Amino acid sequence: MNRMEGKGHGVNGESVVQICNHRRRVEWLALLLAVITSLAFLGCSKREPARQAETVSTSSITVAVQSSGPIVIRTAEAEFEILPSGYIRASRIQDGKLLSLDDPQTGVGSADGYPVVDGKPIEDFLLDLAHAKISDQKSRIGTRGKRIEITGSSSSRKDLEKRLIVDVYDDFPALALASVAYKNTSPSSVKLDKLISQQHHFNASLADAKVPPYQLWSFQGASYEWGKETISMMKADFSQSNVIGTVSPTGQGGGIPVVAFWTASVGEAIGHAEPAPRVLSLPVKVERDQRISAAVVEEPAAMLQPGESYASARTFVAVYAGDYYQPLRLYSELLQRQGWTPARPNPEDYNISWCGWGYRSDVTPKQMLGTIPKLKEFGIKWATLDYRWFNNFGDWEARPFNFPDDALKKLVDVFHQEGLKVQVWWVPLAVGDGQVWEAIGEEEKTPEARAEQRRAAKVVEEHPDWLILDKNGKHARAFLNRAMLCPALPAVQEYYRQITTRLIRDMGFDGSKLDMCFTVPDCYNPAHHHRSPQDSVLAMGEVFKVVYETTRQIKPASVTQICPCGTVPNVAWLPYEDQAVTADPVGSVQVRQRIKMYKALLGPQAAVYGDHVELTAMKRAGKEYREFGQDFASTVGAGGVVGTKFTWPDYGPSFKDVYLNPEKQAVWKKWIGIYSTQMLSTGKFLDLYVYGYDVPEGYAIQKNGRMFYAFFAPLPEKPWKGQVELRGLAPGTYRVVDYENGKDLGVVDAKNPSAPTEFKEHLLLETRKM
């Protein structure tokens, strides 16, 4: 619970006129004092050395207060209006005009949000704009800015006082931060059930009168369901709760606390701006009037004693030009100003990697080692030992069924002797507790495998007190019905330091593929003495920090990858991976979308593994997918790191979809060569094309003074013909080359950088200045 104890702060606001008169009086007094001081110095026979005046940096942000509203905050890029209801209407400034998607209602529901008190929503708060307090603002986020503090009251609940604080910084001119607090001014306690803040209503028709209000592209930051679209055009019946932090209804969870909406000309996003994870939701819904409602919702279930206040998470609204890249980049930069620091990739993070998951659950040393000649032929330097090399979830020791005796250590040694490095697959915090966990793949249905699933891990037998318990005192369940250890316990964090040390130092692995990582359930274990059940959720990142830092200490040239299978990452553990992964994408489109997402969150030169190229095309077969993709261009062109899971040599029909037959070998050799030559994954990703509106879909990478472009046809099966615009070129003329096929496409001038093209599926271009 985030509470502010004691008496509320008094707010003494002044009108613009009063402020100006006050400043004039101060200026005259200062001038008079300067004259008197100068005369005194003239009368002195001995002079003190002159003291240099301190330079004060002032904000360029202006704030205009009108007693009846709105308060208008204007920056170099945006305008934010605070309405009497508390609604913050954001507009982007372009060519002197205001562009916005914000369309606030009138009457009930028009507020920026409201509390639910004793089971009843209180939606009639009005702010006292005439007495708003305006001050300069300085913090870790920025040294120059403005703060606006406003109090408000409700006619239906006179025992509650509202206090809204809005901060805007010169360094973040397209973003406004807000926090709201509610104070109990009554002599008795008040139950605060829910707190809705940063509530908005978006209308696409404001930007384009020809489209319905809901027709916006959107990014939904919740880790909601394996394979579910995170980036899509809104539909008329869209409704999603977007639970953040805690476990989702389908067992995933975590997520990025941002939702964003955009048109070709303007976009808006909201989210929470705290550097630490919070449990909340960002519900998005198309309402009956076809506008899109979005808000930040917390459920504190807090009992406010007399004089006590509850403050919301700090939230933001951002307005921008572009797609989801811009608000995610802003969000990342905002967190980094507050101490959130993403891991820096090392050169190994950009190397092509082959994964043994093509052999599925019962992979053997013979299969792994048999692939080495082909890896060396292709120049692939990294391999991953994937799922089910281990005896159980929790102990992470070799599985006797396929890695008896010291076979695991010998396998790692052979890879090293051949000049290759090896990652190992495992899952922190997930443990077997004797209940059958849900299997992956048909292989796990054998009697031997089912018996393994019923065995509890030694760590559970020895430390049952480490487990997360639910409200009923039972082992809480997470993804695929696994039990979880509580990351808030120092003993658990130390346990994973020891596991990491054993795998990396003693067994010799060169990094980790941490898979099926989402979040953990709330912990109600009384032995843990948590201040809140959510302590487990908030501490999850600490275990991944231990894994990452321990790995880097033992092997600086290591790779730590964290995979939130089929969904977006968890901001809690996101800074503790040096190689992100597109995480089981369902087709090529998700590969490209997620590479762009990670480049926004982790930086334009982040190492983002495109996952196995076989995932770029698939068909469902029962509960599983048949995966047979060959679309390397989506990873190469968007700036990702190439990966594959082929099997070789031929082990029969069970592996026919991923077997690297002679025909596929030519394709793999070609693309691995292109990737290794260009290494665009190490270049700088540039956000120059708007997803959903620029056709064809485009990406741009800057590397060694050159620009590289990738374009993808709207319908891969049909040729696309038309002009492509090569944005971001410095002045001059350039020769354009199709670097996939070595074809010269002519010359363009940066003043008119369009080139006529015709292609199927994709087009990869390089520009060379003449």
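This passage describes helices, nonpolar cores and selected loop residues of a predicted model.

The largest nonpolar core in the model has 145 residues. Within this core, the residues with the most contacts are W389, L429, L485 and Y496. Helix 11, which covers residues 588–602, gives the most to the core, with 7 residues. A second core, separate from the largest one, has 55 residues, and L129, L192, L195 and I292 are included in this second core. In soluble globular proteins, nonpolar side chains tend to be buried together. The surroundings of W389 were examined without counting residues up to four places away in sequence. On that basis, W389 touches W396, E397, A398, R399, F403, L408, V424, W425 and L503.

R388 has a positive phi, near 75°, although R388 is a residue other than glycine. Most residues other than glycine have a negative phi, and most peptide bonds are trans. The loop that holds R388 runs between strand 28 (382–385) and helix 5 (407–417). R388 has a relative accessible area of 0% and is therefore buried, the cut-off being under 20%. D95 also has a phi that is positive in a residue other than glycine, here near 55°. The position of D95 is in the loop between strand 5 (88–94) and strand 6 (97–99). The relative accessibility of D95 is 74%, so D95 counts as exposed, for which the cut-off is over 50%.

Helix 8 comprises residues 490–506. For its 17 residues, a rise of 1.5 Å a residue leads to an expected span of 24 Å, and the C-alpha atoms at the two ends are 23 Å apart, which agrees. Buried positions in helix 8 are V492, Q493, Y495, Y496, I499, T500, T501, L503 and I504. An α-helix has 3.6 residues a turn, so residues three or four places apart point the same way. The elements against which the buried residues of helix 8 pack are strand 29 (421–426), strand 30 (430–431), helix 7 (458–462), strand 32 (511–514) and helix 10. Just after helix 8, the phi of G508 is positive, at about 95°.

Helix 8 packs with helix 10 (residues 540–554) at an angle of about 35°, and the two axes lie 9 Å apart. The crossing of these two helices is right-handed. On the side of helix 8, the contact is made by Q493, Y496, R497, T500, T501, I504 and R505. On the side of helix 10, the contributing residues are E542, V543, V546, V547, T550, T551 and I554. By residue class, the contact between helix 8 and helix 10 contains 6 nonpolar, 5 polar and 3 charged residues. Y496 takes part in this contact, is buried in helix 8, and is one of the residues with the most contacts inside the largest core.

Helix 2 spans residues 325–337. With 13 residues at 1.5 Å a residue, helix 2 should extend over 18 Å, and its end C-alpha atoms are 18 Å apart, in agreement. The buried residues in helix 2 include Y325, P327, L328, R329 and L330. Y331, S332, L334 and L335 of helix 2 are buried as well. After helix 2 comes G339, with a positive phi near 105°.

Y359 lies in the loop between strand 27 (353–355) and helix 3 (365–370). Its relative accessible area is 3%, so Y359 is buried by the cut-off of under 20%. Neighbours within four places in sequence aside, Y359 is in contact with W354, Q367, T371, T647, W648, Y651 and F655. Y359 and F646 are 287 residues apart along the chain, while their C-alpha atoms are separated by 8.5 Å. W648, one of the contacts of Y359, is joined to P649 by a cis peptide bond with omega of about 0°. P649 is found in the loop between strand 38 (641–644) and helix 13 (662–678). The peptide bond from V695 to P696 is likewise cis, with omega near 0°. P696 belongs to the loop between strand 39 (684–686) and strand 40 (697–703).

D237 is placed in the loop between strand 16 (231–233) and strand 17 (239–240). D237 has a relative accessible area of 67% and is exposed. D237 and G541 are 304 residues apart along the chain, and 35 Å separates their C-alpha atoms.

Methods: Residues numbered from 1 in each chain as written. Predicted model: local features only at pLDDT ≥ 70, side-chain atom pairs only at ≥ 80, totals over all residues. Heavy atoms only, no water. Helix = DSSP H or I, 4+ residues; strand = E, 2+ residues; numbered from the N terminus. Expected span 1.5 Å × (residues − 1). Buried < 20%, exposed > 50% of the residue type's maximum accessible area, 1.4 Å probe, protein only. Axes fitted to C-alpha atoms, helices over the stretch in contact; angles between N-to-C directions. Left-handed = near helix turned anticlockwise from the far one by under 90°. Contact = heavy atoms within 4.5 Å. Nonpolar A, V, L, I, M, F, W, Y, C, P; charged D, E, K, R; others polar. Core = buried A, V, L, I, M, F, W, Y, C linked by side-chain atoms within 4.5 Å.
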